[in-house]
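Colleague: I would like a close look at a single part of this protein. Please take me through it step by step.

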Amino acid sequence: MRVTLPQPNITLPAEQRRRLRVLIVEDYEPDALLLRRHLHRAGYEIEMRRIETRAQMHEALRSRNWDLVIADYTLPGFGARDALALLQASGMDLPFIIVSGTISEETAVSAMRAGAHDYVLKDNLERLVPAIERELADAEARHEKLRTAAALKTLETRFSATFNQAAVGMAHISLDGRWILANQRLRDILGLTSDELEAVSFYDLLLPSSDRDQDKEIVFEDLLSRRVPSMRVEKCLRHKDGHAVDVQLTISVLQPDLSETESLSLVIEDISARKADARERAELVKRLINSERLASAGRMANTLAHEINNPLEALTNVLYLLQTHPELPLDLQELVNMGARELDRVGHITRTTLSFYRGNSGAGHLLNKLIDEVVQLFASRAEGAQIQIITDLRPSPSGKTFPLSLRQVFANLIGNAIEAMSGIGGTLTIRSRETPECAIVTIADTGPGIAQAHISQIFEPFFTTKGERGTGLGLWVTRGIVAEAGGTLFLRTSTDPRHCGTTMRIALPLKS
């Protein structure tokens, strides 16, 4: 049966035609030419090759790219079913349309079940162009889906390689503490297998029971409310074999899709070596200070020995001779004894002066009293800078006392807060309270906050943002004093104009 050619409605100029590369399985060349003419009139610029055998089709598929295969169903030796099987074996995803005049509906349905995309009768070619356009669009959609899947696979491979080969521990966790994803480095830091890690909650593992409610409150209140983009805190964890591991936790909220729930991103960096270096440096500084203190005390002791002890020795000898004189009158004996006692007193004063250089820490002090003294010291300065100081100091049920050196901590932090708000005014809120395990002091200001680039450096010695006015030692000394008292220092800060400010939180153990 020969092709009946429908009349086209339009004829497009060559520059507006769509290119179409067609492989035609047809043994009657006039029918192929009529199909070419029909597609040309429909607006396509046709590149066509007609084949009749398996070998020709195999060579055609290897030699170039095609957009479409059109096949006659009934050919003497190589029909549409054979061409379809060869196309499928090649792995190419090309629209395959049967155009035949002798195919029955049952045969056509069977061919489509085998993988043909459509069939068109030669006496009804009006369906051919819509069928081609539909199948080309569907093929492009399939190709785009494959390209998207390949791109996603590449991204997943890159992410997996980066995630699992990272030098720091990384994990995604749900808000209830379940591990969604964890890399090998995290498991190495903790000494746990995948099954062992999944068996414990994030909160059980990384937040000790004594601090859990407190730390969870900070995480959920600050992170989930978006007041801060992330939170960084140092912790001391326990490896599976029992040894301590100092780590720095960075926690942030993962932005979910509409169909997902919020989760947390966790980065754990092993800072044991850094902490050991810091402890070594602190110990070295302490030894240097003590060495200078001893040297000063030694120099003063030598001076006192030279300037005082020699005259004292002479006077002591004179009084001893007078006390042992057998003919000394009684009234003079009393005067000599009085002089000996006064000389002993001078010696006591000398020894007391020397003891000043021995570093005696003295008695403890109530925490709220130390804070009150510092607040009174800064009250006039705050008032002059239009800064309101609000205190909420709750009584201490334990009556625990703390070293006087903490007064320097509060003075540094309050002084920094007032300086941060100088020129703009604001509010400085100071709170103290006790839990069963520790005393907690928070000092919060409404200043501009600390820039993200400075957060990792502010506790380093000699780092300052105050220019020549600062020494860069205040916060370094502050953290050292808190650590010496067995406590921890937490920092929260935001530069967002809607809720800017800095909060310093000090936790001091009630038990030594």
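Colleague: Take the open sheet of five strands: what is the strand order, and is the pairing parallel or antiparallel?

Modeller: Keep in mind that this is a predicted model. The five strands of the open sheet run in the order 7-6-10-9-8, and they pair in the antiparallel sense. Strand 7 and strand 8 are the edges, each with a partner on one side only. Strand 8 covers 230-238. From one strand to the next, the twist averages 25 degrees.

Now move inside the sheet. Strand 9 spans residues 244-254, and strand 10 spans residues 263-270. Eight bridges join these two in antiparallel pairing. For a landmark, find I251: L266 in strand 10 stands opposite.

Go back to the edge at strand 7. This strand takes in residues 179-182, and I180 sits in it. I180 also belongs to a nonpolar surface patch, together with F159 and L181. The patch comes to about 270 Å².

Next, the cysteines. A search of the whole structure turns up zero disulfides. As a reminder, a disulfide is a covalent bond that links the sulfur atoms of two cysteines. Two cysteines are worth a look for their exposure. C236 has 46% relative accessibility, so it counts as partly exposed, since that class lies between the 20% and 50% cut-offs. C500 is also partly exposed, because its relative accessible area is 27%.

Definitions and conventions
Residues numbered from 1 in each chain as written. Predicted model: local features only at pLDDT ≥ 70, side-chain atom pairs only at ≥ 80, totals over all residues. Heavy atoms only, no water. Patch = residues over 30% accessible without salt bridge, like charges linked within 9 Å, V, L, I, M, F, W, Y side chains within 5 Å. Areas by Shrake-Rupley, 256 points an atom, 1.4 Å probe, with all protein chains shown as cover. Salt bridge = Lys/Arg side-chain N within 4 Å of Asp/Glu carboxyl O. Helix = DSSP H or I, 4+ residues; strand = E, 2+ residues; numbered from the N terminus. Pairing = 2+ DSSP bridges. Axes fitted to C-alpha atoms, helices over the stretch in contact; angles between N-to-C directions. Disulfide = S-S within 2.5 Å. Buried < 20%, exposed > 50% of the residue type's maximum accessible area, 1.4 Å probe, protein only.
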